[in-house]
Amino acid sequence: MIGHHGTHREFARSILASGFNRSHGEQWFGDGVYFFEDDPVEAKNWAIKIKGFGEAYTSVLRSTINSVNGNIIDLTKGKHWEAFLKIRKEIDENIDKSTFRNKIYGDGIALNFMCRQFFKRVGEPIDLIKAGLKHPGYDWADPITNIPRMQYQICVRNLTCIADIKVEEGF
Amino acid sequence: MIMDKMAEVMDQYFSTVTDEQFEKDLIEAGILRCPDKMEVEIVAESLVLPNYQKGMESVWVFKTSLTYQIEPCYALENKSNYIDLREVA
């Protein structure tokens, strides 16, 4: 698949020179490098509107993303989403009572937990997680259309899946 | 299918994990905080941390996998024991 990553042009230079680094922390799908699936427009919008980079300072990188071992969690698919929800509920029920529950606990941390346990027991990393999100600022009560503006994001956990990084232009 | 395998892994995990191991795994993942007492320097008074005064204070901090947090709402750089409230307030 093709992924687009919006960033500051200085960061883009560094990525082109030495590759991506994984983001850590409480990211929405957990640790990894984030892309919009074949969508340079969303990648650019994200860099400008969410990250606040000026348009003149924004670059969009295009990469080919190939799963190395086929371990893809695709939360746009019903079966994957239902399984994720079941596991997430199970974790939540087990920690609900704890007074030490982290206030920032959310989907990203839960996915990190699952992926870590998967690696420990199966010996393979989860290559990537794909999910759909509502476009930031989209109004669900839009009076003109019922079709929501969505964005499809890919969180690449296994960096060996990323190849052929180049600057995307002319979109 | 990957999520079948994941569900199987997690079912197996929950049915075999000990309480002690589960707690360790949750702390490692940042889901639970591990409380620890730490000597920190409070460099500015703040309304949002009313129980602490300027100067050295021994306070409870909560270690996650990535940050230390001081109740109610502080995060500071990992491995640091210096909190500048002017930066986080």
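Two strands pair if DSSP finds at least two bridges between them. The strands themselves (E, at least two residues) and the helices (H or I, at least four) are DSSP runs, numbered from the N terminus. Keep both ideas handy for this tour.

Before you click, note that this is a predicted model, in which local features need pLDDT of at least 70 and side-chain atom pairs count only at pLDDT 80 or more, while totals for chains, interfaces and linings use all residues. Residues are numbered from 1 along each chain as its sequence is written, chains are lettered from A and ligands numbered from 1 in the order in which they are written, and side-chain values use heavy atoms, with hydrogens and water left out.

**Stop 1: strand 1 of chain A**

Select residues 2–8 of chain A, which make up strand 1. Seven of its seven residues are buried (under 20% relative accessible area with a 1.4 Å probe, protein chains only), so strand 1 of chain A is largely enclosed by the rest of the structure.

Now add residues 58–65, strand 3 of chain A: seven bridges join it to strand 1, and the two run antiparallel. To see one bridge, pick A:His8 and its partner A:Thr58. Next show strand 2 (33–37) of chain A, which pairs with strand 1 in the antiparallel sense over two bridges. Here A:His4 has A:Phe36 as its bridge partner.

**Stop 2: on to strand 6**

From strand 2 of chain A, step across to strand 6 (residues 150–156), where five of seven residues are buried. These two strands pair in the antiparallel sense over four bridges; look for A:Tyr34 with its partner A:Cys155. Strand 6 of chain A also pairs, again antiparallel, with strand 5 (residues 128–134) over seven bridges. A:Gly132 and A:Tyr152 are bridge partners there.

**Stop 3: the largest pocket**

Which residues should you select to find the centre of the largest pocket? Its volume is about 490 Å³, and of the 24 lining residues the closest to its centre are A:His5, A:Thr7, A:Asn21, A:Ser23 and A:Trp46. Strand 1, helix 1 (9–18) and strand 2 of chain A each give two or more residues to the lining.

A pocket here is an open set of points on a 1 Å grid over the protein atoms alone, where a 1.4 Å probe fits, with protein on both sides within 12 Å along at least five of seven lines; lining residues have an atom within 4 Å of a point. The volume is the space filled by probe spheres set on the points.

**Stop 4: A:Asp31**

Select A:Asp31, in the loop between helix 1 and strand 2 of chain A. Is this residue buried or exposed? At 10% relative accessibility, A:Asp31 counts as buried.

**Stop 5: aromatic rings**

Over all chains there are eight aromatic pairs, meaning rings of Phe, Tyr and Trp (its six-membered ring) with centres within 6.5 Å. One of them is B:Tyr13 with B:Phe14, which is edge-to-face (planes over 60 degrees apart): the centres lie 5.3 Å apart, with 75 degrees between the planes. Both B:Tyr13 and B:Phe14 are buried. Add A:Phe113 and B:Phe22 to your selection, and you have one aromatic cluster.

**Stop 6: the nonpolar cores**

Finish with A:Phe113, A:Ile129, B:Met6, B:Met10 and B:Ile31, which have the most contacts inside the largest nonpolar core, a group of 34 residues. A second, separate core of twelve residues includes A:Val33, A:Ile65, A:Ile154 and A:Ile162. A nonpolar core is a set of buried Ala, Val, Leu, Ile, Met, Phe, Trp, Tyr and Cys residues joined through side-chain atoms within 4.5 Å.

Definitions and conventions:
Buried means under 20% relative accessible area, exposed over 50%, partly exposed in between (1.4 Å probe, protein chains only). Rings of Phe, Tyr and Trp (its six-membered ring) pair if their centres lie within 6.5 Å; planes under 30 degrees apart count as stacked, over 60 as edge-to-face and the rest as tilted.
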